[in-house]
Amino acid sequence: MRKICFASNNPKKLEEIRKALEGKLEILSLEELGCREELEETGESLLENAFQKARYVHTNYGIDCFADDTGLEVDALQGAPGVYSGRFAGEPRSDERNVDLLLSKMQGKGNRLARFKTVIALIAGGEEFSFEGEVIGKIATSRTGSGGFGYDPVFVPEGYDRSFAELSLEEKNSISHRGKAVRKLREFLLRA
Ligand code: IMP
């Protein structure tokens, strides 16, 4: 099976992506390449960050690879935390503190509309490609559910009355930002 690196060590993301590409492509994590460092994300957009990570792996390990970057854009916060979603509450990164901060900033806000965006940067055969996915939803007033990661317990996708953290992985993948971007990546890789 064709091997490709997903430039992440986030076990939840790896699980989501492996499930989406199951039986088609062998996905190697950064750790499996022998890379244990946290890759830099110093760009000003999701696209820049995703390519920064993918290029680092391609340059240093010489393997086809893809990297993703995700941001949560909240209308009432003028699109924040956006590209800074991972370090919204500062360093060291903490999902717990990020969600606490988001809930406190959203206190009393009538407009709770938000969207997750994922950009995937791919370097394959020496060429660069990118794929995007987006899901619209609302920020809940408190956490529900124990699945997923990150902002999942407070993100309720449009058309649902449960948070991402209350959905099964299959359900989340079928509608999520990353699921949509990964399906575009998958179609592309399987055609190539
Ligand atoms: P990154 O793409 O790993 O840099 O993620 C940026 C931020 O968004 C981190 O705080 C993640 O926890 C969060 N995040 C990324 N993907 C998801 C998701 O699918 N659900 C909830 N939070 C996410």
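# Exercises around a ligand and its strands

A nitrogen atom of the ligand lies 3.0 Å from a polar backbone atom of Y151. Keep that contact in mind as you work through this predicted model.

**Exercise 1.** Find out which side chains offer an N or O atom to an oxygen atom of the ligand, and how much of the ligand the protein buries.

Solution. Start from the backbone contact you already have: Y151 faces a nitrogen atom of the ligand at 3.0 Å. Next, turn to side chains. In H177, an N or O atom of the side chain is 3.0 Å from a ligand oxygen. In R178, a side-chain N or O atom is 2.7 Å from an oxygen atom of the ligand. Now for the area: on its own the ligand exposes 480 Å², and the protein buries 92% of that.

**Exercise 2.** Work out where the ligand sits and which elements give two or more residues to the shell around it.

Solution. First, the place: the ligand is in the largest pocket. Then look at the elements. Two or more shell residues come from each of β3, α4 (95–105) and α6 (177–191). Finally, pick out the nearest neighbours: there are 16 residues around the ligand, and K13, T70, D152, K172 and R178 come nearest.

**Exercise 3.** Trace how strand β1 is paired, and say which way the chain crosses over from β1 to β2.

Solution. Begin with β1, residues 3–6, and β2, residues 26–28: they run parallel and three bridges join them. For a landmark, find I4, whose bridge partner in β2 is I27. Now follow the chain from β1 through helix α1 (residues 11–20) to β2; this β-α-β crossover is right-handed. Then check the other pairing. Strand β3, residues 65–74, also goes with β1 in the parallel sense, over two bridges. Here F6 has F66 as its bridge partner in β3.

**Exercise 4.** Hunt down two cis peptide bonds and a positive phi at a residue that is not a glycine, and place each one in the chain.

Solution. Go along the chain. In the loop between β3 and β4 you meet Q78. Q78 isn't a glycine, yet its phi is positive, about 55°. Move on to the bond from A80 to P81: this one is cis, with omega near -5°. P81 belongs to strand β4, residues 81–82. Last comes the bond from E91 to P92, also cis, with omega near -10°. You'll find P92 in the loop between β4 and α4.

Key: Residues numbered from 1 in each chain as written. Predicted model: local features only at pLDDT ≥ 70, side-chain atom pairs only at ≥ 80, totals over all residues. Heavy atoms only, no water. Pairing = 2+ DSSP bridges. Helix = DSSP H or I, 4+ residues; strand = E, 2+ residues; numbered from the N terminus. Right-handed = clockwise from strand over helix to strand, strands pointing away. Near = heavy atom within 4 Å. Polar contact = N/O pair within 3.5 Å; in protein donor to acceptor, adjacent residues only side chain to side chain. Areas by Shrake-Rupley, 256 points an atom, 1.4 Å probe, with all protein chains shown as cover. 1 Å grid on protein atoms, 1.4 Å probe; cavity = no way out; pocket = protein on both sides within 12 Å on 5 of 7 lines; lining within 4 Å. Sits in = over half its atoms within 2 Å of the grid points.
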